[in-house]
Each structure stands twice: as structure tokens, then as C-alpha cells.
Amino acid sequence: MTDSRSKSAPSGDFIISFEDSADRVPVLFIHGFPLNNTLWDFQVSGLADVARLITPDLRGHGLTEPTDVTPYSMELLATDCINLLDFLGYEDPVVVAGLSMGGYVAFEICRRFPERVSGLILASTKAGPDTAEGKAAREESAQVALNEGVAPIATGMLPKMLAPQTYENKPDLVEFLEDMMNGTSPEGMAGALRAMADRPDSTPDLAGLMVPTLVVHGEDDQLIPVAEAKAMAEAIPDAELAVIPEAGHLPNLEQPAVFNEVVREFLESFYEV
Ligand code: MLT
């Protein structure tokens with residue numbers, strides 16, 4: 001089976017047709033808090049024909065060990081991602097896709113390494129910083145994680161991570177998510193909380209983001225209201241907005257087929273340039 005991306009090459013006296021996944025659009029998928037790269041399992045399986053997916057586990061999350069470097073910061077997490085791209089040999093820019101905290105890391109990559117970014121996917125995220133109360137609550141949670149373990153934080157967050165109907169109707173997904181959250185190390189959780197608390201306001205940067213951008217958000221997101229996504233899409237010059245019905249904070253897990261379709265269409269535009 002061939003498609004418009006199939007290639008052909010001379011081979012002796014005939015033309016050989018082939019596909020080479022190296023020509024897929026490289027996309028760095030950065031997970032949210034307190035998750036890991038299995039967040040993107042449905043994208044790895046559903047988008048491999050259009051994207052080369054690079055899915056790190058951030059420090060202290062998933063299979064990446066926590067480090068002694070404190071405090072974690074968006075600068076540190078963004079640099080970790082760029083170091084990974086360097087290790088993989090990417091010289092050309094890639095599409096950077098971040099979900100929630102991953103979006104905060106994506107903003108930092110845009111600030112510090114704009115030459116590495118060919119496009120942006122901002123999922124379930126927002127540009128503004130924490131309020132003073134928000135910062136204090138993060139520090140409280142960091143102390144809980146370090147002193148009592150990650151379970152109380154995971155348990156408290158779990159129902160808010162998903163749309164109420166997902167939480168009600170998809171017990172397997174709830175369990176998968178709970179395991180993912182509980183797999184985060186206390187140090188990684190505390191580090192990420194403090195990095196989020198200290199993150200700068202990205203709102204002033206939005207008008208200067210000159211790459212094609214997809215803003216994608218669950219209609220029923222209980223953690224970051226959809227109004228935040230609308231505001232970002234209005235402020236970024238070349239942005240499109242997709243609001244996914246019947247999805248909460250994790251639309252890529254809750255409505256993977258719809259999410260993948262939206263991302264696929266966005267990525268296909270990269271083949272046309
Ligand atoms: C996330 O999903 O990454 C976090 O909920 C983001 C945040 O707490 O600001």
C-alpha cells in the first residue's frame with residue numbers, strides 16, 4: 001500500500017518504491033504532572049504513520065530517576081528535552097507537543113531554544129503563572145509528597161484529571177491513570193511542583209510565537225478551563241483551536257481517536273511545506 005508520502009528510488013534498471021519513517025514529522029511529546037510517557041500510548045500507536053514520536057519521561061517521572069539537582073525548574077526540564085534531541089541527532093527543528101505541565105515546558109523551550117521548534121501543540125495547558133495561593137498550595141503538596149509519599153496527591157488529583165463521565169464510565173482508564181501517577185517518585189513530584197510554582201508568565205510571549213500552533217483542550221477540563229485555551233489561540237498569530245467534547249484534562253487518553261485525528265490533520269500540513 002502506498003500513499004502520497006511514498007518515495008521511489010532508482011535501483012538498477014527499475015524504480016523501487018519505499019517508505020522511510022525518517023521522513024515522518026518529528027514530534028517531541030512532553031507529558032503532564034505527575035505522569036509519564038505512557039500518557040502518549042494512544043498517540044504512539046495511532047500516529048506513527050505521520051509522526052516520529054519522541055516521548056521522554058521527565059526527571060523523577062516514569063523510568064527516569066529523580067536527581068539531586070534542586071530546585072527543578074522549567075529551564076532544567078526544557079534543557080533535558082533539548083539534550084535528548086541532541087542525543088538523538090536532531091539538528092532540524094521539531095514539533096513540540098506539551099500537555100499541561102508539558103505545555104509549560106514547551107513555552108520554556110520556545111523561550112530558550114526557539115530555533116529547535118517548527119511547530120507547537122499546546123494540549124490542556126495555559127500561559128499564565130501561578131497565583132500566590134497556587135504557589136503555596138504547590139509547596140504544601142511538595143511537602144506531602146516528600147513526607148508521606150505520592151499516593152495522597154495522586155488520590156486527590158485523580159477525579160479532577162478526567163471528565164466526570166470518563167471517571168464514571170472508563171474504570172480501566174482510571175486505574176491506568178492512578179498507576180501512572182503513583183509511579184512518580186516523591187522527589188520527582190516535589191521537583192515538578194516547585195518548578196511549576198516558579199514558572200514565568202508565558203502570556204507576553206504568545207504574540208511572538210511564529211510557528212504553526214495547535215491548541216487542543218477537553219471541553220470538560222476541570223483543572224484548566226477551556227477559556228484558557230481560547231485565549232491562547234487568540235493571542236498566538238498562527239494558531240488553530242480544537243475543543244474536544246466529552247473529554248477532561250487528558251483528551252488524548254479520554255478521546256484518543258478524536259485527539260489523534262486533530263493532531264494528524266495538523267501534522268499533515270507539515271508535509272505540504
Ligand atoms: C498537569 O496536568 O500537568 C498539572 O495539573 C498542571 C498544573 O498543575 O498546573
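**Close-up views of a predicted model**

**View A. Glu148, a residue of helix H4.** Glu148 has a relative accessibility of 58%, which is over the 50% cut-off, so this residue counts as exposed. Please keep in mind throughout these views that the model is predicted. Glu148 belongs to helix H4, a helix that runs through residues 132-148. Pro186 makes a good landmark here: 38 residues separate it from Glu148 in sequence, while their C-alpha atoms are 8.6 Å apart in space.

**View B. Val96 and its contacts in strand S5.** Val96 sits in strand S5, which covers residues 94-99. Is Val96 buried or exposed? Its relative accessible area is 1%, under the 20% cut-off, so Val96 is buried. Setting aside neighbours within four places in sequence, we find Val96 in contact with Leu28, Ile30, Ala106, Ile109, Val117, Gly119, Leu120 and Ile121. Some of these partners can be placed at once: Leu28 and Ile30 fall in strand S3 (25-30), Ala106 and Ile109 in helix H3 (101-112), and Val117, Gly119, Leu120 and Ile121 in strand S6 (117-123). Glu140 offers a contrasting pair: it is 44 residues along the chain from Val96, and the two C-alpha atoms are separated by 31 Å.

**View C. The largest pocket and its lining.** This pocket has a volume of about 500 Å³, and 21 residues line it. Which residues lie nearest its centre? They are Phe33, Arg138, Met157, Met196 and Leu223. Four helices each supply at least two residues of the lining: H3 (101-112), H4 (132-148), H5 (151-161) and H8 (186-197). Helix H5 gives the most, with five residues. By residue class, the lining of the pocket divides into twelve nonpolar, five polar and four charged residues.

**View D. Two cis peptide bonds, each leading into a proline.** Most residues other than glycine have a negative phi, and most peptide bonds are trans. Here, the bond from Phe33 to Pro34 is cis, with omega near -15°. Phe33 is also among the residues nearest the centre of the largest pocket, so views C and D can be read together, because both feature that residue. Pro34 itself lies in the loop that connects strand S3 (25-30) with helix H1 (41-46). The other cis bond shown joins Thr70 and Pro71, and its omega is about -10°. Look for Pro71 in the loop between strand S4 (51-54) and helix H2 (74-88).

**View E. Ser124 and Glu246, two residues with positive phi.** Ser124 is not a glycine, yet its phi is positive, at about 50°. The residue is part of the loop between strand S6 (117-123) and helix H4. With a relative accessibility of 0%, Ser124 counts as buried. Glu246, also not a glycine, has a positive phi of about 55°. Where does Glu246 lie? Its place is the loop between strand S8 (239-244) and helix H10 (251-254). The relative accessible area of Glu246 is 48%, so this residue is partly exposed, whereas Ser124 is buried.

**View F. The largest cavity and the residues around it.** How many cavities of 30 Å³ or more does a search of the whole structure find? The search finds one. The largest cavity has a volume of about 50 Å³. Its lining is made up of Met74, Tyr104, Phe107, Arg111, Lys126, Ala127, Gly128, Arg199, Pro200 and Ser202. Helix H3 provides the largest share, three residues. Five nonpolar, two polar and three charged residues make up this lining. Helix H3 appears in view C as well, where it supplies at least two residues to the lining of the largest pocket.

**View G. The whole chain, to set the close-ups in context.** The protein chain has eleven helices and eight strands. Its C-alpha atoms fill a box of roughly 70 × 40 × 35 Å along the principal axes. The radius of gyration is 19 Å, which agrees with the value near 19 Å that a compact globule of 273 residues would have. Of the 273 residues, 48% are buried. Among contacts with a separation of 6 or more, 76% are between residues 24 or more positions apart. The accessible surface amounts to about 12,300 Å², and carbon and sulfur atoms account for 53% of it.

Key:
Residues are numbered from 1 along each chain as its sequence is written. This is a predicted model: local features need pLDDT of at least 70, side-chain atom pairs count only at pLDDT 80 or more; totals for chains, interfaces and linings use all residues. Side-chain values use heavy atoms; hydrogens and water are left out. On a 1 Å grid over the protein atoms alone, a cavity is a set of points where a 1.4 Å probe fits but cannot get out, and a pocket is an open set with protein on both sides within 12 Å along at least five of seven lines; lining residues have an atom within 4 Å of a point. Grid points are joined across faces, edges and corners, and a volume is the space filled by probe spheres set on the points. Ala, Val, Leu, Ile, Met, Phe, Trp, Tyr, Cys and Pro count as nonpolar, Asp, Glu, Lys and Arg as charged, and the others, Gly among them, as polar. Buried means under 20% relative accessible area, exposed over 50%, partly exposed in between (1.4 Å probe, protein chains only). The radius of gyration is taken over C-alpha atoms; the globule rule is 2.2 Å times the number of residues to the power 0.38. Contact means heavy atoms within 4.5 Å. Accessible areas come from the Shrake-Rupley method with a 1.4 Å probe; for residues, only the protein chains shown count as cover.
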